[in-house]
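Dear colleague,

Please find the structure below, as agreed. My notes on the contents follow it.

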Number of protein chains: 2
Amino acid sequence: MENSAGIIENNKTQMRRGVLEYCILLILAGGDGYASSIIKKLKEVNIIVAEGTIYPLLIRLKKLELLTYRWEESTQGPPRKYYMITDLGREQLAGLDAAWDELAKGIEIIRKGSKA
Amino acid sequence: MENSAGIIENNKTQMRRGVLEYCILLILAGGDGYASSIIKKLKEVNIIVAEGTIYPLLIRLKKLELLTYRWEESTQGPPRKYYMITDLGREQLAGLDAAWDELAKGIEIIRKGSKA
DNA sequence: TATTGGTACCTTGTATTGCAAGGTATTCAA
DNA sequence: TTGAATACCTTGCAATACAAGGTACCAATA
């Protein structure tokens, strides 16, 4: 699928890219969560992510020691892997905050310029 | 390079991803330009892009008929390929505007929530 | 007439990574 | 014991940013 009609959908996917790690760290900075709960939170703000995206991502962030996890029993099914942000994770998150702000600002400037 | 020290740099790259097509359309909506002039404009707002990124991208957008180009002589060197946005390009740009707004809004919400 | 520097174009190969699709395991209720 | 819901995870594909390397044009200078 590579006709111009599909560009928007494709680009939404691309825009999510790179922002996802940031979003996960943001969400976990506000409280522990497991894969499904994170997906749900993202969906609530219209950022749609697939399971196959989240799991490898959480594993990667854990390897980088930005996250850790603990197992917790659930009354609703199998045990859940609750992820928690680490101190290092919070440190990196601050950097990502700045990176996002810079990007958003840059785009804002271009946007204003393009209307002139 | 995949230690936690490199995460920020890596993520800045990832954040650019998907936003780049949007930026190029935005810039060209404000006036025609050629590869180097686009790179320069992006650099002015701290969005750093390599040549090897821009050229394939312009070619792709041209194939999708969001852009066209004309050759124009330069007094400063070889002729330049000036890209122009098409009507279809403007149409798609409107969609990308909306996609960006939605993403930015989503992140803003998560951000506020994570500080609570 | 070289040669050098600046500008501009483009391609190839690699690494990253989102996602669709497919798979396993646990709990509970019918 | 069967089915639905919930949770976990992996494999393979496709998209794409970038580093590195290459070609070509123009003007000034040696």
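How many salt bridges does the rule find across the interface of chain A and chain B? The count is six. Please keep in mind that this is a predicted model.

One of these salt bridges joins the side chains of Asp97(A) and Arg111(B), at 3.2 Å from N to O. Between chain A and chain B there are also six residue pairs in polar contact, counted with both residues at pLDDT 80 or more. On the side of chain A that touches chain B, the elements giving two or more residues are α1, α2 (19-29) and α5 (87-115) of chain A. α5(A) gives the most, with 17 residues. Sorted by class, that side of chain A holds 23 nonpolar, 11 polar and eight charged residues.

As for the extent of the interface, 42 residues of chain A are in contact with 42 residues of chain B. The two chains bury about 4,300 Å² between them, and 68% of this lies on carbon and sulfur atoms.

Next, the symmetry. A turn of 180 degrees with a shift of 0.0 Å along the axis lays chain A on chain B with an RMSD of 0.0 Å. The two chains are therefore related as by a two-fold axis. Both copies use the same surface, since 100% of the contact residues of chain A recur in chain B.

Now to the DNA. There are 26 residues around DNA strand D, and those that come nearest are Tyr34(A), Tyr55(A), Arg80(A), Lys81(A) and Thr53(B). Of the atoms of DNA strand D that come within 4 Å of the protein, 69% belong to sugar and phosphate.

Arg80(A) also has a polar side-chain atom 2.6 Å from a phosphate oxygen of DNA strand D. For Asn10(A), a polar side-chain atom is 3.3 Å from a phosphate oxygen of this strand. Glu51(A), by contrast, faces a base: an N or O atom of the Glu51(A) side chain lies 3.0 Å from a base nitrogen of DNA strand D.

Both chains contribute to the surface near DNA strand D. Chain A supplies at least two residues from each of α1 (7-16), α3 (35-44), α4 (51-63) and β2 (80-85), and chain B does so from each of α1 (7-16) and α4 (51-63). By class, the residues of this surface are 10 nonpolar, 10 polar and six charged.

Regards

Notes:
Residues are numbered from 1 along each chain as its sequence is written. Chains are lettered from A and ligands numbered from 1 in the order in which they are written. This is a predicted model: local features need pLDDT of at least 70, side-chain atom pairs count only at pLDDT 80 or more; totals for chains, interfaces and linings use all residues. Side-chain values use heavy atoms; hydrogens and water are left out. A residue is near a molecule or strand if one of its heavy atoms lies within 4 Å of it. A polar contact is a pair of N or O atoms within 3.5 Å; within protein, one must be able to donate a hydrogen and the other to accept it, and residues adjacent in sequence count only if both atoms are side-chain atoms. Helices (H or I, at least four residues) and strands (E, at least two) are DSSP runs, numbered from the N terminus. Ala, Val, Leu, Ile, Met, Phe, Trp, Tyr, Cys and Pro count as nonpolar, Asp, Glu, Lys and Arg as charged, and the others, Gly among them, as polar. Copies are superposed by least squares on the C-alpha atoms of residues with pLDDT of at least 70 in both. Contact means heavy atoms within 4.5 Å. Buried area is the accessible area (1.4 Å probe) that two parts lose on being put together, summed over both. A salt bridge is a side-chain nitrogen of Lys or Arg within 4 Å of a carboxyl oxygen of Asp or Glu.
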